[in-house]
Amino acid sequence: MSAATVINGDDEALAVAAELAADFRKDAAERDARRRLPHAELERLSASGLLAVTVPAEFGGADVRAETLAEIFRLLGAADASLAQIPQSHFVYINVLRRQGTDEQKSFFFGEVLKGKRLGNAQSEAGTRHIQDIRTRLARRPDGSYVLDGVKHYSTGALFAHWIPVLARADDDNLHVAYVPRDAPGLTVVDDWDGMGQRTTASGTVRLESVPVPADRVVPHHLTFRGPQLHGPVAQLLHAAIDAGIASGALTEAVEFVRTKSRPWFESVDEGHATAADDPLLIQRFGELAIRVRAADALLTAAARAVDAAAADLTDATAAEASIAVATAKVAAADAAVEVGSALFEVSGTRSALDSLGLHRHWRDARTHTLHDPARWKIQHIGRYVLNGTKPPRHGLL
């Protein structure tokens, strides 16, 4: 790996993200169709310095605003939603280090990230009672080190990672994160992801069989949720940004298709409209879709600003407001992504359904990505907060 660029501020980060997104968009449909994993694209992402933009300034990073980070993910999501999802956990586990890591752990891992190293994810498990039922074990050895055993699923980013943060229960049953090198003995990453969407995230299985972990590579994750925290709002903000990006990308492709390829409906021609883009019914529908996308983008920006405001003055009240703002944005962005991804075909006509065009990837990506956590529960927490002033729970998924 060549040395990564160090980005110095928010404006530079946004400019780099826009440039990369424009390039990544060109081959996104081909990568999806062939399930060609984006190894080269991720190397460019690492080398660009974008993966280090949340490293604190005292450790040499740009420490960009949440608003900037959300826009980076929105831009990447509009270009290639799979590619955008891969580093989501990378930033989440940087945040774990920021909140719970020792000075030595921060110095080491932030140095790795500044060099372009990627953090993956081995968090979720299948076949348990629910998503928070983590059964992977982190057992303490007599010498103070640890050993990991378990199986993880939906491990987005692990296949491409240099370090894999593993969520596990220690002997006291509290959750910890073990930062394990990708080539650690006993660790196997299986490329068995078979989703209909997000096809190139390689969100497959991680097997852990007596994986050795030094004591200084373990962080007490359960302490993250003691007191006001932004772990959940930041993680969910990035998911919302990906959904908003999918909606924007789908609308852009629909506009391009109707302008350049769609034939007008014959009744529209009979009424004097020579092109599909002149059809008043299509104009109406595009207006409706544009409103959905703009609303999702605006709520995403508002949510990011709420996170930034809470970070500047972190209290129970500001953390709750940030969580609710992010939940609101996530619901709106998810709805917009699914609706626009589907409406693309409605406005573009039969030819747009050709498999060779790959336009269906937007809907498949939206439908798959929005399954991460149910919007119905977010709406419940929003309603309880607005009506009764009930603060949302601290569990990392809101």
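## A tour of pockets, cavities and salt bridges

The second largest pocket, with a volume of about 540 Å³, is our starting point. Keep in mind as you click around that this is a predicted model.

**Stop 1: the second largest pocket.** Select Asn95, Arg98, Leu230, Val234 and Ala311: of the 21 residues that line this pocket, these are the closest to its centre. Now colour helix 4, helix 6, helix 8 and helix 10 (280-312), the elements that each give two or more residues to the lining. Which helix gives the most? That's helix 6, with 5 residues. By class, the lining of this second largest pocket splits into 11 nonpolar, 5 polar and 5 charged residues. Where does the pocket sit relative to the domains? Domain 1 (10-115) and domain 3 (230-388) both give residues to its lining, so the second largest pocket lies between them.

**Stop 2: the largest pocket.** Next, pick Gln123, Ser124, Ile131, His372 and Leu397, which lie nearest the centre of the largest pocket. This one has a volume of about 1100 Å³, and 42 residues line it. Helix 6 (88-100), helix 8 (231-260), helix 12 and helix 13 (375-388) supply at least two lining residues each. Helix 6 and helix 8 should look familiar, as they also give two or more residues to the lining of the second largest pocket. If you colour the largest pocket's lining by class, you'll get 16 nonpolar, 22 polar and 4 charged residues.

**Stop 3: the largest cavity.** Time to go inside. The count comes to 4 cavities of 30 Å³ or more, and the largest of them has a volume of about 100 Å³. To find the largest cavity, select Ala79, Asp80, Ala81, Arg361 and Asp365, the ones nearest its centre among 13 lining residues. Helix 2 (28-34), helix 4 (66-79), helix 5 (81-85) and helix 12 (361-369) are the elements that give two or more residues to this lining. Its class breakdown is 5 nonpolar, 4 polar and 4 charged. Why does the largest cavity count as lying between two domains? Domain 1 (10-115) and domain 3 (230-388) both give residues to its lining, so that's where it lies.

**Stop 4: a salt-bridge network.** Keep Asp80 selected and add Glu30, Arg31, Arg34, Arg36 and Glu41: these residues are linked in a network of salt bridges. The structure holds 31 salt bridges, and a few more pairs are worth a click.

**Stop 5: the second largest cavity.** What lines this one? Select Leu42, Leu45, Leu51, Ile86, Pro87, His90, Arg118, Leu119, Gly157 and Phe160. The volume of the second largest cavity is about 50 Å³, and the residues around it are 7 nonpolar, 2 polar and 1 charged.

**Stop 6: three salt bridges up close.**

- *Glu71 and Arg74.* Show these side chains and you'll see them meet in a salt bridge (2.9 Å, N to O). Both residues lie in helix 4, 3 residues apart, about one turn of the helix. Buried or exposed? Glu71 is partly exposed, with a relative accessible area of 25%, while Arg74 is buried at 14%.
- *Glu125 and Lys152.* Here the side chains meet in a salt bridge at 2.8 Å, N to O. Glu125 lies in the loop between helix 7 (103-114) and strand 1 (137-140), and Lys152 in strand 2 (residues 146-152), so the pair ties together parts that are 27 residues apart in sequence. Glu125 and Lys152 are both buried.
- *Asp216 and Arg217.* The closest N and O atoms in this salt bridge are 3.4 Å apart. Asp216 is partly exposed, with a relative accessible area of 44%, whereas Arg217 is buried at 17%.

**Last stop: the annotated spans.** Finish by colouring two ranges from UniProt. The unreviewed entry places "domain: Acyl-CoA dehydrogenase/oxidase N-terminal" at residues 20-116. In the model, that span is 70% helix and 0% strand, and its end C-alpha atoms lie 16 Å apart. UniProt also puts "domain: Acyl-CoA dehydrogenase C-terminal" (unreviewed entry) at residues 237-373. Over residues 237-373 the chain is 76% helix and 0% strand, with the end C-alpha atoms 13 Å apart.

How values were computed
Residues numbered from 1 in each chain as written. Predicted model: local features only at pLDDT ≥ 70, side-chain atom pairs only at ≥ 80, totals over all residues. Heavy atoms only, no water. 1 Å grid on protein atoms, 1.4 Å probe; cavity = no way out; pocket = protein on both sides within 12 Å on 5 of 7 lines; lining within 4 Å. Points joined across faces, edges and corners; volume = space filled by probe spheres on them. Helix = DSSP H or I, 4+ residues; strand = E, 2+ residues; numbered from the N terminus. Nonpolar A, V, L, I, M, F, W, Y, C, P; charged D, E, K, R; others polar. Domains from an automatic or database assignment. UniProt positions renumbered as here; feature names shortened; annotations may be inferred. Salt bridge = Lys/Arg side-chain N within 4 Å of Asp/Glu carboxyl O. Buried < 20%, exposed > 50% of the residue type's maximum accessible area, 1.4 Å probe, protein only.
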